[in-house]
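Please find below a short note for a colleague who is coming to this entry without background. The points are best read with the model open alongside.

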Amino acid sequence: MKKNQFFAMLSRMKYINRWGLMRNTRQENNCEHSLETAYIAHALGLIANRYFGKHLDAQRLAVLGMYHDVTEIITGDMPTPVKYYSPVIRQAYAGVEQVARDQLLEGLPEEMREDYRPLLMPTEEEKELWKYVKAADSISAYLKCIEERNMGNEDFRDAEQSIREKIQNMHLPEAEFFIEHFLPAYEGTLDESGEQES
């Protein structure tokens with residue numbers, strides 16, 4: 001990659017559309033998804049600290065959420081059924097992701113690369129935080145499924161169910177707290193969200 005291309009490449013996230021195998025009522029791009037994942041990851045960190053007695057860095061979770069899909073600028077968004085079809089495909093894709101990370105890092109001045117490396121690839125030191133980012137990523141996908149279902153699109157019905165099961169299988173009480181307390185508002189209308197509770 002050419003010198004100092006990192007941020008120009010990041011600006012291309014808005015051109016990477018998600019859900020390539022699905023009929024969408026509204027297309028979602030990686031830039032939108034990454035911001036939503038960052039919001040949710042930050043919230044999960046705060047929930048963990050306030051309600052579950054943990055001491056997570058919620059701001060760090062937000063930053064990890066912002067960067068969690070940047071390799072897809074180079075790889076594209078591979079549909080989940082394809083990515084996880086077999087261990088061989090998953091392993092090959094992991095290799096492609098590693099090449100994409102290395103290429104992106106080359107677009108930064110050498111002095112900055114180590115600052116960005118842990119944002120582009122999970123490290124052992126931040127393994128616990130990445131669990132929350134993965135949960136936030138899945139919750140964002142789950143919200144997309146709900147949005148599509150609310151628009152009458154049945155294409156996302158099976159994805160909604162499988163993603164909900166995936167979140168449950170994470171056994172992360174903070175994710176369940178988010179779904180229980182914040183998800184119902186996603187089912188309402190804009191007018192309903194402005195109403196005062198009595």
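1. The model is predicted, and a convenient place to begin is histidine 68, whose side chain reaches the backbone oxygen of glycine 65 at 2.7 Å. The side chain of histidine 68 is also joined to that of histidine 33 by a polar contact of 3.2 Å.

2. As to its setting, histidine 68 lies in the loop between helix 3 (58-67) and helix 4 (72-75). Although it sits in a loop, histidine 68 counts as buried, because its relative accessibility is 15% and the cut-off for buried is under 20%. Leaving aside residues up to four places away in sequence, histidine 68 touches His33, Ser34, Thr37, Trp130, Val133 and Asp137.

3. Helix 3, which ends just ahead of that loop, also meets helix 7 (residues 110-120), and the two axes come within 8 Å and cross at roughly 80°. Helix 3 and helix 7 are therefore roughly perpendicular to each other. On the helix 3 side the contact involves Arg60, Val63, Leu64 and Tyr67, while helix 7 contributes Tyr116, Pro118, Leu119 and Leu120. Sorted by class, this contact has 7 nonpolar residues, 1 charged residue and no polar ones.

4. A last point concerns the cysteines, where the count of disulfides comes to 0. How do cysteine 31 and cysteine 145 stand, buried or exposed in some part? Cysteine 145 counts as buried, with a relative accessibility of 0%, whereas cysteine 31 is partly exposed, its relative accessible area being 39%.

Notes
Residues are numbered from 1 along each chain as its sequence is written. This is a predicted model: local features need pLDDT of at least 70, side-chain atom pairs count only at pLDDT 80 or more; totals for chains, interfaces and linings use all residues. Side-chain values use heavy atoms; hydrogens and water are left out. A disulfide is a pair of cysteine sulfur atoms within 2.5 Å. Buried means under 20% relative accessible area, exposed over 50%, partly exposed in between (1.4 Å probe, protein chains only). Helices (H or I, at least four residues) and strands (E, at least two) are DSSP runs, numbered from the N terminus. A polar contact is a pair of N or O atoms within 3.5 Å; within protein, one must be able to donate a hydrogen and the other to accept it, and residues adjacent in sequence count only if both atoms are side-chain atoms. Contact means heavy atoms within 4.5 Å. Axes are lines fitted to C-alpha atoms, for helices over the stretch in contact, and angles run from 0 to 180 degrees between N-to-C directions. Angles under 35 degrees count as roughly parallel, over 145 as roughly antiparallel, 65 to 115 as roughly perpendicular and the rest as oblique. Ala, Val, Leu, Ile, Met, Phe, Trp, Tyr, Cys and Pro count as nonpolar, Asp, Glu, Lys and Arg as charged, and the others, Gly among them, as polar.
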